[in-house]
Amino acid sequence: GYLNEYEAAEVVSLVQNLLRHGGKIRAEEVAVVAAFHRQSILIRQLFKKKNIYGVNVGGVENIQGKEYMAVFVSLVRARTTLASYDQKFALGFLFDEKKLNTALTRATSLLVLVGDPYVAHEEKHWRQLLHTCAKLNCYEGPDFTDKAYRQSRREQEQLAADAEHAIQEELLELSEQEAHERAVAEQEWQDGE
């Protein structure tokens, strides 16, 4: 969807650790860029729960023309099917080069990308960035170059899509059954009059 709770919690935890152990960096010198508004809202709520105030949280538009000591980028998407939807309808910034450029160039000291490398790897610019980060030993996460990993992720996505489809089918069947039962009950009520 348009928010990723696990990723939001990870971003907040990383920012919290930076503010606690990162020297003299202040919250006002940190920005969190989220691909979707709902993710920004969730991250703000999590910061509030942790009593962290002053971090600039929002979309790419919020940081355009500004610089921050540290920028954390939340990609949000965890399924390639949703990323394809984003590409088709120009949502988020996974496939928008200008927004990507803005997100990646606002940090003066630290840039942290938090997201699913499998999904990011599907887009050529992000793929290049992931490979560059891996070469520079500044990538942390699963081996996105591993074919077995990518195949495993495809299978996970297919299972999730199949489960979602089965749930939708079941809901449709229940709705039809409920509509039928309601019609029968209404007919019995009318026959009883």
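Which helix does Arg 127 lie in? Let's start there and work outwards. Arg 127 lies in helix α7. Before I go on, one thing to keep in mind: what you see above is a predicted model.

So, Arg 127. Its relative accessible area is 29%, and that makes the residue partly exposed. If we skip residues up to four places away in sequence, Arg 127 touches Ala 120, His 121 and Glu 122. You can also look for Thr 145, which is 18 residues away from Arg 127 along the chain. In space, the C-alpha atoms of Arg 127 and Thr 145 are separated by 9.8 Å.

Now the helix itself. α7 covers residues 124–135, so 12 residues, because that is how the run is assigned. From first C-alpha to last, α7 reaches 16 Å, close to the 16 Å you'd expect at 1.5 Å a residue.

Which residues of α7 are buried? They are Trp 126, Leu 130 and Cys 133. Those residues sit on the same side of α7, because they cover an arc of only 65° around the axis. Turn to the face pointing away from that buried side, and you find the exposed residues Gln 128 and Lys 135. And what do the buried residues of α7 pack against? The partners are α5 (97–104), β4 (107–114) and α6 (117–120). After the helix comes Asn 137, with a positive phi near 60°.

Let's stay with Cys 133 for a moment. Cys 133 counts as buried, with a relative accessibility of 17%. When students see two cysteines, they like to ask about disulfides. How many does the structure hold? The count is 0. Why no bond for Cys 133? Its closest cysteine sulfur belongs to Cys 138 and is 4.2 Å away, which is too far for a bond. A disulfide would need the two sulfur atoms within 2.5 Å. Looking from the other end, the closest cysteine sulfur to Cys 138 is the one in Cys 133.

I said α7 packs against α5, among others, so here is one residue from there. Thr 102 lies in helix α5. Is Thr 102 buried or exposed? At 13% relative accessibility, Thr 102 counts as buried. Leaving out neighbours within four places in sequence, Thr 102 is in contact with Val 60, Ile 63 and Gln 64.

Okay, over to the start of the chain and helix α1, residues 5–21. α1 has 17 residues and reaches 24 Å between its first and last C-alpha, close to the expected 24 Å. Its buried residues are Glu 7, Ala 8, Val 11, Val 12, Val 15, Gln 16 and Leu 18. They pack against β1, α2 (37–49), β3 and β4.

Let me pick out Gln 16 from that list. Gln 16 is buried, at 12% relative accessible area. Not counting neighbours within four places in sequence, Gln 16 is in contact with Lys 50 and Ile 52. Then, once α1 is over, there's Gly 23, with a positive phi near 85°.

A little further along, we get to charges. Side chains of opposite charge can pair when their charged atoms come close. How many salt bridges does a search of the whole structure find? The search finds 1. Arg 26 forms a salt bridge with Glu 28, and their closest N and O atoms are 3.8 Å apart. That fits the cut-off, because a salt bridge needs those atoms within 4 Å. Arg 26 is partly exposed at 48% relative accessibility, and Glu 28 is partly exposed as well, at 46%.

Last stop: strand β1, residues 30–34. How many of its residues are buried? That's 5 of 5, so the strand is mostly covered, given that buried means under 20% relative accessible area. In a regular strand the side chains alternate between the two faces of the sheet. In β1, Val 30, Val 32 and Ala 34 are on one side, Ala 31 and Val 33 are on the other, and both faces are covered.

β1 also has neighbours on the sheet. There are 5 bridges joining β1 to strand β3 (residues 68–74), and these two run parallel. Within that pairing, Ala 31 stands opposite Val 71. Another 3 bridges join β1 to strand β2 (residues 56–58), again parallel. Here Val 33 stands opposite Gly 58.

That's my tour, thanks for listening!

Definitions and conventions: Residues are numbered from 1 along each chain as its sequence is written. This is a predicted model: local features need pLDDT of at least 70, side-chain atom pairs count only at pLDDT 80 or more; totals for chains, interfaces and linings use all residues. Side-chain values use heavy atoms; hydrogens and water are left out. Helices (H or I, at least four residues) and strands (E, at least two) are DSSP runs, numbered from the N terminus. The expected span of a helix is 1.5 Å times one less than its number of residues. Buried means under 20% relative accessible area, exposed over 50%, partly exposed in between (1.4 Å probe, protein chains only). The arc is that of the directions from the helix axis to the C-beta atoms. Contact means heavy atoms within 4.5 Å. A salt bridge is a side-chain nitrogen of Lys or Arg within 4 Å of a carboxyl oxygen of Asp or Glu. Two strands pair if DSSP finds at least two bridges between them.
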